[in-house]
Amino acid sequence: MKAFRWLGMCAVALMAAGCALLDTGISQQAESQSDAPAVEDYRIGVDDRVQVSVWRNPELTVTAPVRPDGKISVPIIGDIEAGGHTAAEVAESVKKRLSEYIREPNVAVIITELKSHEFLTRVRVTGAVRTPRSLPHRQGMTVLDAVLEAGGLNEFASPNRSKLYRKIKERTEVFDISLGDILTKGRLETNLVLRPGDVITVPERLF
């Protein structure tokens, strides 16, 4: 009996610990994505992939890319305008049209692939680097990572005058980057972690 009681206490403790870890993971994930646009606010663009699901009507479920005209095709009702609208707005449009054929349809719209968003999230490296680049943003990418991807500095660079430009809502913040100190002295104070849309510029030295 005591053994069963002890096992029960252990199970409760493990469940509590698991919940705490899950909560921490969700909080960290939310923090890392705090600068990304909220999913509910995202406006669907051309080439984004959208899934339309109708509860209890699997034959009406469809996954398709948004066409250049901004529309997707849904069984029974035909074309629906998706470009420039949120997923919730598209779901409401589908629901309204389907209600002519189905009583109180329950519609869900999910964006399964963000293609139109790609160029908004890229990182750019310009100026006195060997190969100016536009790079896909990767979690944990730093200034040094991006500059190395661009082939490093060229012979005309003035690395300690480098800048990082970051757009935050309606304003652009500028950060001084001591790229020379990062590369030659291992001083990483300005080796900032990059965010989607960041632009790094390396000026040429003054002769």
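## Salt bridges and cores in a predicted protein model

Arg67, Asp69 and Asp79 are linked in a network of salt bridges. That makes a good doorway into this structure, which is a predicted model. In total, the structure holds nine salt bridges.

**Overall build**

Let's step back for the general layout. Four helices and ten strands make up the protein chain. Read from the N terminus, their order is α-β-β-β-β-α-β-β-β-α-β-β-α-β. The chain has 207 residues, and 30% of them count as buried. Among contacts with a separation of 6 or more, 50% are between residues 24 or more positions apart. The chain exposes about 13700 Å², with carbon and sulfur atoms supplying 56% of that area.

**Two nonpolar cores**

In soluble globular proteins, nonpolar side chains tend to be buried together. Here, the largest nonpolar core has 20 residues. Val52, Ile72, Val74, Val94, Leu98, Val107 and Val109 have the most contacts inside this core. Two or more residues each come from strand E1 (49–54), strand E3 (71–74), helix H2 (87–98) and strand E5 (107–113). Helix H2 gives the most, with five residues.

Ile72 deserves a closer look. Setting aside neighbours within four places in sequence, Ile72 is in contact with Val50, Val52, Ala64, Pro65, Val66, Arg67, Gly78, Asp79, Ile80 and Ala82. Arg67 and Asp79, from that list of contacts, also belong to the salt-bridge network with Asp69.

Apart from the largest core lies another, of 19 residues, including Val143, Leu153, Leu164 and Ile200.

**The E3–E4 hairpin**

Strand E3 runs antiparallel to strand E4 (residues 78–81), and four bridges join the two. One of the pairings is between Val74 and Gly78 in E4. The two strands form a hairpin with three residues between them. In the turn, Ile76 has a positive phi of about 80°.

**Three salt bridges, side by side**

Side chains of opposite charge can pair when their charged atoms come close. The table gives three such pairs with their closest N and O atoms.

| Pair | Closest N to O |
|---|---|
| Arg43 and Glu89 | 3.1 Å |
| Asp176 and Lys163 | 2.4 Å |
| Asp198 and Arg166 | 2.8 Å |

Start with Arg43 and Glu89, which form a salt bridge. Arg43 sits in the loop between helix H1 (2–32) and E1, while Glu89 is in helix H2, so this pair ties together parts that are 46 residues apart in sequence. Arg43 is partly exposed, at 46% relative accessible area. Glu89 is partly exposed as well, at 33%.

Next come Asp176 and Lys163, whose side chains meet in a salt bridge. Asp176 belongs to strand E9 (residues 171–177) and Lys163 to strand E8 (residues 162–168), so the pair ties together parts that are 13 residues apart in sequence. Asp176 is exposed, with a relative accessible area of 52%, whereas Lys163 is partly exposed at 28%.

**A buried charged pair**

Asp198 and Arg166 form the last pair in the table. Are these residues buried or exposed? Asp198 counts as buried at 1% relative accessibility, and Arg166 counts as buried at 7%. Both values fall under 20%, the cut-off for buried.

Where does Asp198 sit? Its place is in the loop between helix H4 (179–185) and strand E10 (199–202). Arg166 lies in strand E8, so the salt bridge ties together parts that are 32 residues apart in sequence. The two side chains are also joined by a polar contact of 2.8 Å. Not counting residues up to four places away in sequence, Asp198 touches Arg122, Val123, Arg124, Leu164, Tyr165 and Arg166. Leu164, one of these neighbours, is a member of the 19-residue core.

**Ser162 in strand E8**

Strand E8 also holds Ser162. Ser162 counts as buried, at 1% relative accessibility. A polar atom of the Ser162 side chain lies 2.7 Å from the backbone oxygen of Pro159. Leaving out residues up to four places away in sequence, Ser162 touches Phe175, Asp176, Ile177, Leu179, Thr201, Val202 and Pro203. Asp176, among those contacts, is the salt-bridge partner of Lys163.

Methods: Residues numbered from 1 in each chain as written. Predicted model: local features only at pLDDT ≥ 70, side-chain atom pairs only at ≥ 80, totals over all residues. Heavy atoms only, no water. Buried < 20%, exposed > 50% of the residue type's maximum accessible area, 1.4 Å probe, protein only. Contact = heavy atoms within 4.5 Å. Areas by Shrake-Rupley, 256 points an atom, 1.4 Å probe, with all protein chains shown as cover. Core = buried A, V, L, I, M, F, W, Y, C linked by side-chain atoms within 4.5 Å. Polar contact = N/O pair within 3.5 Å; in protein donor to acceptor, adjacent residues only side chain to side chain. Pairing = 2+ DSSP bridges. Salt bridge = Lys/Arg side-chain N within 4 Å of Asp/Glu carboxyl O.
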